[in-house]
Amino acid sequence: MSAALVLFTVTIAALADALHGRSHASFQAGKPPQFTEKYFTQTVDHFNFNSMDNGTFSQRYLITDEYWKKGYGPIFFYTGNEGDVWGFALNSGFILEMAAQQQALVIFAEHRYYGRSLPFGKESFNIPQVGLLTVEQALADYAIMISELKEQLAATDCPVIVFGGSYGGMLSVYMRIKYPNIVAGALAASAPILSTAGLGDPRQFFRDVTADFEKISPECRDAVRGAFHQLKQLAERQDYSRIQSEVALCKAPSSPRDIHQLYGLLRNAFTLLAMLDYPYSTHFIGHMPANPVKVACGIMLSGSDLLANLRDTAGIVYNSTGVLTCFDLYNLYLECADPTGCGLGFDSLAWDYQACTEVELCYESNNVTDMFPPMAFTEKDREVYCSKRWAVVPRPGWLKVQFWGDALSTASNIIFSNGDLDPWANGGVRKSLSSSLVALNISGGAHHLDLRGSNEADPESVISARKTEAELIAQWVKMERTKTRLRKSDTQQKGFI
C-alpha cells in the first residue's frame, strides 16, 4: 500500500531534501501557508521500561500557526504514514483550507522509521532494532506529541481532530479508537481498515484496478489482458531477447524469476494509474497527467502492437520525464510483502517490515476477475517470505483484534471517505454505521482526493464531500469545547480546583 502511498519514495524524498531547512509553501492553489520543520524528542519504546535504556529519538513534524486563533482554535493533526512527511503536507491542501475557515493550528507528524524520523539512524532496519516499528508505537508517538505540544503551546483546551490518507487514514481511525481522551474526531480518507485486517476478498484489489480501466472501455481491459497474454507466450518459448526489445528492458530476462519480476513491475504501473486517477496533473508519486487511466487506455488502444502499447503505458509511471532509454527490472520495482508495491529506498524497507508483521496485504491477481497475470500471494507465501527476509512470523488477524476490525459500532466521530475510482476503497468502510460514523462515497474520486486542495477540475462529488467533512468536524470541535467546559465546571463545583 505504500502503494499505497509512496511508491516513488525516492522522488518525494528528493523533493523534501531540496526544500529541507527552510519554511515551505504548500503546492496547493491559493495563498500558501508557511510550514516550519521541527523535531520532537520522542521515546523509542513506549511499552517496555527496561528497553533501550529509555532512549529517545528525534521525530520530525511540520507546523503552521498562520490560521490559528491561539489558545482557542482546534488542532488539526495529520497522522503521518509510510513516507517522508513533506510528501503528505504538500498534497493535503484541504486540511489547510479548513484550518483557515476554523482558525486551526496544523501539524503534520512523520511516522517513526520513515523520512528523517529514524530511531537508530542507518541501523534502524537492522534486527532487532526494526522491531520497534509497530502501529502501536506510532500511535503512542502521536499521543505523546499531541499532549506535550498542547502544553508547550498553551493549547490544553483546544480540541484535536486527526486526519490521514490511506495507511495514515487507518492510523487516524485507530487514534480515535485508542485515544479518545486526546482526539475528538478523525477524518480517515481512503483507509482500507478492513482488507488490511484480513477481512474481505483477496481478489478485490486487482479486480477494482481492472474495473477502472473497464469503465473507460472494455476494449482497454481486453487490450491489457491481451498484452500480458503475448508476454506469457514469449516467456513460455523463452524468447527473452524479443521480450527485452518489445518492452524496452535494459537487460534481457533469463529466468522465470525475471518474468515474474516483469509482471510485478507492469502490474504496479496499472495500480498507480488507478490510484492516482485525478482529474488534473499531479506530482504526488512521480508525475501523473490528468486522468491517467484515460490516457493509458488511449495508449493501449492506439494500435495493434499491444506490447509496444504496454511498454508506453508503463512509461507514464516509470518514465514520465522521457529520459529513460530502458526499464531496469530490479531498480524500478521491488517485490515485497505488499503486492501493491513497497516503493524504493529506506521507506520501502519500513513498509515491507510492517507488511510482514501487522498489516495484512495478501492480495492476488488471477487473470479471471482481473486483467493481470496470475500472481498469488497467500498467507503461506507471506509467512515464507517474511521469515526469510525479517526473521518474523506474521500475525494474521492482529489488527482485527487490536483495532476492532468491522466491529466499530461503539466508536464515534469518524468520517470514512472513499472514491469509487480508488482500488483501496472496497477494503474500507463504505456504509455509515451511525450518525457519527459517517461513510462518504465520492463519485469520480481517486485515492484520498478529498484531502487534496481545491482545484477547478474537481468533480462536484468531492466538493460536496469536503463541505460535509468540514461541517461535521466543526460540530465535533464545538461538542468537545462543551465537554471541556462542563468538565471544568464540574471539577470546580467539587472543589478540586
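This report describes the pockets, cavities and nonpolar core of a predicted model.

**Pockets**

The largest pocket has a volume of about 480 Å³. It is lined by 22 residues, of which Gln261, Leu334, Glu335, Cys336 and Tyr385 are the closest to its centre. Helix H9 (256-275), helix H13 (345-357) and helix H14 (379-390) are the elements that give two or more residues to this lining. H9 provides the largest share, namely five residues.

The second largest pocket holds about 410 Å³ of space. Among the 23 residues of its lining, those closest to the centre are Lys150, Thr156, Asn181, Glu480 and Arg487. At least two lining residues are supplied by each of helix H4 (135-152) and helix H16 (460-493). The largest share here, seven residues, belongs to H16.

The class composition of the two pocket linings is set out below.

| Lining | Nonpolar | Polar | Charged |
|---|---|---|---|
| Largest pocket | 12 residues | four residues | six residues |
| Second largest pocket | 10 residues | five residues | eight residues |

**Cavities**

Rolling a probe the size of a water molecule over the atoms shows where empty space is left. A search of the whole structure yields two cavities of 30 Å³ or more. The second largest cavity has a volume of about 40 Å³. Its lining consists of Val173, Tyr174, Ile193, Ala197, Leu399, Phe403 and Gly405. Helix H5 (167-178) and helix H15 (398-403) each contribute at least two residues to that lining. By class, the lining of this cavity comprises six nonpolar residues, one polar residue and no charged residue. Gly405 is the polar member, because Gly is counted among the polar residues.

**Nonpolar core**

The largest nonpolar core contains 159 residues, and the members that touch the most other members are Phe76, Phe108, Phe213, Leu231, Ile243 and Phe270. H9 gives the most to this core, with 11 residues. The core also draws at least three residues from each of domain 1 (36-198 + 414-488) and domain 2 (203-390). Helix H9 thus appears in two settings: it supplies five residues to the lining of the largest pocket and 11 residues to the largest nonpolar core.

Phe108, one of the core members with the most contacts to other members, can be described in further detail. Leaving aside residues up to four places away in sequence, Phe108 touches Phe35, Tyr61, Leu62, Tyr78, Val85, Phe88, Ala89, Ser92 and Ile95.

Conventions: Residues are numbered from 1 along each chain as its sequence is written. This is a predicted model: local features need pLDDT of at least 70, side-chain atom pairs count only at pLDDT 80 or more; totals for chains, interfaces and linings use all residues. Side-chain values use heavy atoms; hydrogens and water are left out. On a 1 Å grid over the protein atoms alone, a cavity is a set of points where a 1.4 Å probe fits but cannot get out, and a pocket is an open set with protein on both sides within 12 Å along at least five of seven lines; lining residues have an atom within 4 Å of a point. Grid points are joined across faces, edges and corners, and a volume is the space filled by probe spheres set on the points. Helices (H or I, at least four residues) and strands (E, at least two) are DSSP runs, numbered from the N terminus. A nonpolar core is a set of buried Ala, Val, Leu, Ile, Met, Phe, Trp, Tyr and Cys residues joined through side-chain atoms within 4.5 Å. Buried means under 20% relative accessible area, exposed over 50%, partly exposed in between (1.4 Å probe, protein chains only). Domain bounds come from an automatic or database domain assignment. Contact means heavy atoms within 4.5 Å.
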